[in-house]
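Work through these exercises with the model open beside you. Try each task before you read its solution.

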Amino acid sequence: YAVDSWLQQASYSCRVLIQIGKDTGIRMIPLRLMRALLFACAMGAACVVHSADKSPSPGTRHASTADVTTHKVDGPIDHNHCTTRQFQHMSFQHEGVWFVFYSDGKDFRYQTSADFGRTWKRADQSVAPAPNGSSSFDVLQVGETVYVCHAHYPRGRYDVNAPYAKDPARRGEYTHEGRIKQGRIEGRQIQWSLDVNPDFTPDYCNLLQDSNGYLWVFTREQQVGTAHRSREPDDIQTWETDSVCLPVKGRHALDAAALDEGRLYVVSVLTTDGRLYGNLYDERNWGDRPVLIADDMTTVAGDDRRAAVQFDRTRKRLHLIYVDADNCLRYRHLDSPYHASDWQPALSAPGTKLRSGVFTAALSVDSSSSPYQLLITYGVQKHLGGDKRRRTGELRARRFDGQTWQGDSVLVSQPGTIHNWYPNVNQDAKNGLCVLFSQSIDKENLGTPLAVMISLVADVR
């Protein structure tokens, strides 16, 4: 593929020379100039540049201020939710091995890489059936233990032509249930030991563990945000009765973070009314009245302009990023004791504007520094499909210290491609940033089929 890249560069250089001739009227280009440009092409080929339409194996690298390796691991896939939303997390690194989860349109699977993304190995067995994609899955790694929370659909993907869809009296025939799995990492495999029905269905869920060891699942049920806690620490077998964490009714897109002293904070974008809400759990109860954080959010159902949170344990600070209806990436933070008056900027003012022209954003922390550094992965919009949800573009990552951007942005999608969307990142990027994303194969009609892409970034500086 280095030869292929060289030929592409040489072709481009020839076009440049022809254009120079047209612009200047020069019929003959000096041989010395021609040699210099072609030599530059050869040198550029040494830094392997990947094509927008190919995904060579092993993983390809592109020239950048950081070491970026990109690989297509699956596709084409006939499902929009193969890589899911940015408020869920599908990747982590354990003892030098990267684990990445996704849906192939039928099953939820994972692949591993032990050479920083140059090659990937698909696990022999799938994790669970996933006819409705990855949107109802979340993955949590705690040491050598891995938890997976998801919704199970015995009848497969919802069929609008099926009898249960056409006859309201038969709607109950289309059933679903929740599943929570637990396994242990052994080399590049996960040995699953428990598979539990928790008696609730985690739709668009978040899975986390609080500072006391209890596991929590956040999901949307009956148009409100609900929270479910395990009855015992480190135990997924029995669960407490659900509690309403966000009583405002609407289409919820939840993200939550474990704070200190058993406290939690949940945020949700409601596309029903274009608002962003938050609420605090004080180790005993959820707040009676959710906090209105922003009222200028998208009203497009299924839109990827949402919110993400991460907690810095060293500073006791909750970080929030979100993309508003004007495609502006904004930032706020919340310090202890995490009341509405502790938000900065104050809720009476807009969030700090970081960038315009953004269609999605995901948040990671780097826990190797104190205080934590933030790594923000965001999409620069380059294309809008016929469906307002189908916004695509370049995916970039950049460090942020809570006040200003640090260094330059790093291109994490393939150079020259603008049909990238649904980015999903690892929570802690102390060992590198992993960006899982979808890439439209049909450049005219966005959506399915999709390719599943993975980019690993050694260090975003």
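Two strands pair if DSSP finds at least two bridges between them. Helices (H or I, at least four residues) and strands (E, at least two) are DSSP runs, numbered from the N terminus. This is a predicted model: local features need pLDDT of at least 70, side-chain atom pairs count only at pLDDT 80 or more, and totals for chains, interfaces and linings use all residues. Residues are numbered from 1 along each chain as its sequence is written, and side-chain values use heavy atoms, with hydrogens and water left out.

**Exercise 1. The sheet**

Task: Find the order of the strands in the open sheet of four strands, and name its edges.

Solution. Step 1: the order is 8-9-10-11, and the pairing is antiparallel. Step 2: look for strands with a single partner. Strand 8 (138–142) and strand 11 (189–196) each have just one, so one side of each lacks a neighbour in the sheet. These two stand at the edges. Step 3: check the twist. On average, neighbouring strands of this sheet are turned by 25 degrees against each other, direction ignored. Here axes are lines fitted to C-alpha atoms, for helices over the stretch in contact, and angles run from 0 to 180 degrees between N-to-C directions.

**Exercise 2. Strand 9 and its partners**

Task: Count the bridges that strand 9 makes with strand 10, then those with strand 8.

Solution. Step 1: strand 9 and strand 10 pair antiparallel over eight bridges. One of them joins Thr145 to Arg184. Step 2: strand 8 and strand 9 (residues 145–152) pair antiparallel over five bridges. Among them, Gln141 is matched with Val146, and Asp138 with Cys149. Step 3: inspect the turn. The hairpin of strand 8 and strand 9 has two residues between the strands, and Gly143 takes a positive phi near 65 degrees there.

**Exercise 3. Buried or exposed?**

Task: Decide whether strand 9 is enclosed or open, and explain why.

Solution. Step 1: fix the term. Buried means under 20% relative accessible area, exposed over 50%, partly exposed in between (1.4 Å probe, protein chains only). Step 2: count. Eight of the eight residues of strand 9 are buried, so the strand is largely enclosed by the rest of the structure. Step 3: recall a general pattern. In a regular strand, side chains alternate between the two faces of the sheet. Step 4: sort the residues. Thr145, Tyr147, Cys149 and Ala151 are buried on one side of strand 9, and Val146, Val148, His150 and His152 are buried on the other.

**Exercise 4. Ile185**

Task: Place Ile185 in a strand and list what Ile185 touches.

Solution. Step 1: Ile185 sits in strand 10 (residues 177–186). Step 2: its relative accessibility is 7%, so Ile185 counts as buried. Step 3: contact means heavy atoms within 4.5 Å. Not counting residues up to four places away in sequence, Ile185 touches several residues, including Phe92, His94, Gln141, Gly143 and Val146. Step 4: Ile185 and Val146 are 39 residues apart along the chain, yet their C-alpha atoms are separated by 7.2 Å.
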